[in-house]
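Work through the exercises below with the structure open. Each task is followed by its solution.

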Amino acid sequence: MERRVNYENDLNLMATELSLGLPGCGDDEPQRKTNPSIRNNKRTAPEISEVSSSESSSSITMSGSDDQDSPPPAKEQVVGWPPIRSYRKNCLQSSKRNEVEGMGMYVKVSVDGAPYLRKIDLKVYRSYPQLLKALENMFKLTIGAYSKREGYNGSDYAPTYEDKDGDWMLVGDVPWEMFISSCKRLRIMKGSEARGLGCV
Amino acid sequence: MAEQMSDDDERQQSPPSDLDFTSNKARTCIVTGSVSGHTEFQSPYPDQVLGNVLENVLHFLTSRRDRNTASLVCKSWYRVEALTRSELFIGNCYAVSPARATARFTRVRALHLKGKPRFADFNLMPPDWGAHFNPWVLAFAKACPWLEKVYLKRMSVTDDDLATLAESFLGFKELVLVCCDGFGTSGLAIFVSKCRQLKVLDLIDSELSDDETDWILCFPEGESHLESLIFDCVEFPINFEALERLVARSPSLKKLRLNQYVSIGQLYRLMVQAPQLTHLGTGSFSPSEIAGQGDQEPDYVTAFAACKSLICLSGFREIIPDYLPAIYPICANLTSLNFSYANITAEQLKPIISNCHKLQVFWVLDSICDEGLQAVAATCKELRELRVFPVDAREDSDGPVSEVGFLAISEGCRKLQSILYFCQRMTNAAVIAMSRNCPDLVVFRLCIMGRHRPDHVTGEPMDDGFGAIVMNCKKLTRLAVSGLLTDKAFDYIGRYGKLVRTLSVAFAGDSDMALKYVLEGCPQLQKLEIRDSPFGDAALCSGLHHYYNMRFLWMSSCRLTHQGCQQIAHAMPRLVVEVIRSADEEEMDVCVQTLYMYRSLEGPRNDAPKFVTIL
């Protein structure tokens, strides 16, 4: 089972991406370790520590996030606000990621050489490894490991899917969320045919 | 000196589970009928009888406030009270030293300790600030070997501490860790393997590390005395087969709360072993892998129906809503339902909630929208506590709940005592309506997530709404305010909030007057936590008359200076005044980032980290 990664603040979709790149390359996680209002406190006089507190006078300038006249600090995420424990925030972020519209996302799965198709519910899975393992179990075949460069080269079968545009794509290239929302059907191709795809 | 209890605080800060550990439960020590160990002048016979009678009578005194009062009557009452106190509650672990506590109370069976202040939960305090359990466990190990229950909140507990606990107290029965950290599975493994009489192991909202020790496997073989096992906060898998065997050999098990690594199929297996459960945390509530077509899914409905005593349900950590109907059979019996990790819609909620007529405690996500809240209001007439958490906890997100749902709740749930409500928009009118519809409110916590946000209909500050709450809710002891608030709101609080013990303030007020109103007006104030509000040294000084009556004051990102805090420290020797800076700040600034001050019999603590300066 994957270990969950806890981040102090923001949603971190990058953590769930399937990629075999070295950790730390190509990621742009927002690191918000220091409290912005702590930095703002470094003044010689005891002034307002909170940037947007000039709005706290009785004139109402901040009526909502759409207000064009409000300075950007209104939208700046402040440490510890709203007061939700990080644990809860993290749990909810991960459950939000898994939320796909509608009840169940059944897609047809065909396997080259098999007499009939199957159907699976994509919503049940949270990651590519889970999905691939389920497919392997269901059809009693081996799909093998994915690599960005080689695809599923070296294995007997390669999983592909038809996306919203009607194109046939190799499973694993795009982030899981994107895959879930664009996958219309699955086709597990025989290795010999799939090799063409891997060379792109 | 023993601390004051805050009832509302206890009940509201923990998830809807029945913590039997309250001072209302009579815990009587074995009464020998004689006052033991006295080396004083042998009093004449009538006084001896009086002493015996007193001891016997005091055994029945359970409320710690009453006990504190009794101990002030005279020296002999003080002594006898100390001998008969079996539950010791210490609201701030730094207010009194372990040595002092164990010297006075020698026959303690249950210890309840609280450490860090609540704002530490929101990353407002650097880690390693303190609140170590270690000196306590060592002191008690020496002085009170009959200790059988420990309840810790926001304390740092190490694996060694857990080992000490298990090894020093034969017959140790209950361990409850709420919002604690510092330990891991290896500590747990030692603890469970050595505590043969263990009845309760509750890990609630605590952070523990995975040392890859199989702690579930370490429970001793043979019949277990376990009555409660809660580990829903454990963020890594456990050995399910071992858990299944443990549940099978725990006939007294009443409370079981699983973590999200337990699938619904596994939940089923546990439920059939333990139909006597009263409290169940359902784990992920989704399957671990797809049930292939043609595979038989277990009969979840029957499993739930068999649990006839089930009154408290939680979990649903990765819920697949298709499985929700499984819980229909027990809805009518539920008094407590925690959906606060279940991202469900109003439509998905309605069939469940429409059967929950007995529901008293309901925690939920705002994904159910105002419509969902209206459904709750329509059915749950016995509701006492409601908590609505945001799915998207950011300031500028869309708010699916608003004053509409809030108003509906106030109109439908007249017996409401406690509310925590996160939203993006609110109106004074709705808050005023709740103050009138729900006069029994004891805890009122409204969090309008956008800072400084006014009444979204009138554009006015939220002063009148909160004013109405303190005016009309005569039993109110805990209040958390938000939205655009001027000094006027605090004037109301000072004037009418005479019973308020806990007050949380963030991004509110215009001037020092606001804080003055509160400090001068609220005689029962115990815990005051303030962040990002324009209160300075002058305001701080206006509370000098009251600080010894408070458990603590927290002020972060306000307008305090070192000089101002220094003045307080000089004026009040029994107050510990801590100035906390962020861990990466090297030098002390003129401005105080965080002030945390509390009364204490012990003076400055000796375990303060580098980023804490005690004035």
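## Exercise 1: Confidence in chain A

This model is predicted. Chain A averages a pLDDT of 66, and 53% of its residues score at least 70.

Task: find where pLDDT is below 50 over residues of chain A, and count the contacts there.

Solution. Start with residues 1-10 of chain A, where the pLDDT is below 50. Beyond near neighbours in sequence, this stretch has 26 contacts in the model. Move on to residues 24-74 of chain A: pLDDT stays under 50 here too. The model has 87 contacts for residues 24-74 beyond four places in sequence.

## Exercise 2: Cysteines

Task: state how many disulfides the whole structure has, and explain why B:Cys331 and B:Cys473 form no bond with the closest cysteine.

Solution. The search over all chains finds 0 disulfides. The cut-off is 2.5 Å between cysteine sulfur atoms. Take B:Cys331: its closest cysteine sulfur, in B:Cys356, is 4.1 Å away, so it is too far for a bond. B:Cys331 is buried, at 0% relative accessible area. Next, B:Cys473: the closest cysteine sulfur belongs to B:Cys438, 7.6 Å away, and is therefore too far for a bond. B:Cys473 also counts as buried, at 2% relative accessibility.

## Exercise 3: Nonpolar cores

Task: which residues touch the most other members of the largest nonpolar core?

Solution. The largest nonpolar core holds 199 residues. B:Phe339 and B:Phe444 touch the most other members. Now trace B:Phe444. Leaving aside neighbours within four places in sequence, its contacts include B:Phe406, B:Ile419, B:Met434, B:Phe466 and B:Arg478. Finally, turn to the second, separate core: it has 30 residues, among them A:Tyr128, A:Ala158, A:Leu170 and A:Ile188.

Terms used:
Residues are numbered from 1 along each chain as its sequence is written. Chains are lettered from A and ligands numbered from 1 in the order in which they are written. This is a predicted model: local features need pLDDT of at least 70, side-chain atom pairs count only at pLDDT 80 or more; totals for chains, interfaces and linings use all residues. Side-chain values use heavy atoms; hydrogens and water are left out. pLDDT is the predictor's confidence in each residue, from 0 to 100. Contact means heavy atoms within 4.5 Å. Buried means under 20% relative accessible area, exposed over 50%, partly exposed in between (1.4 Å probe, protein chains only). A nonpolar core is a set of buried Ala, Val, Leu, Ile, Met, Phe, Trp, Tyr and Cys residues joined through side-chain atoms within 4.5 Å.
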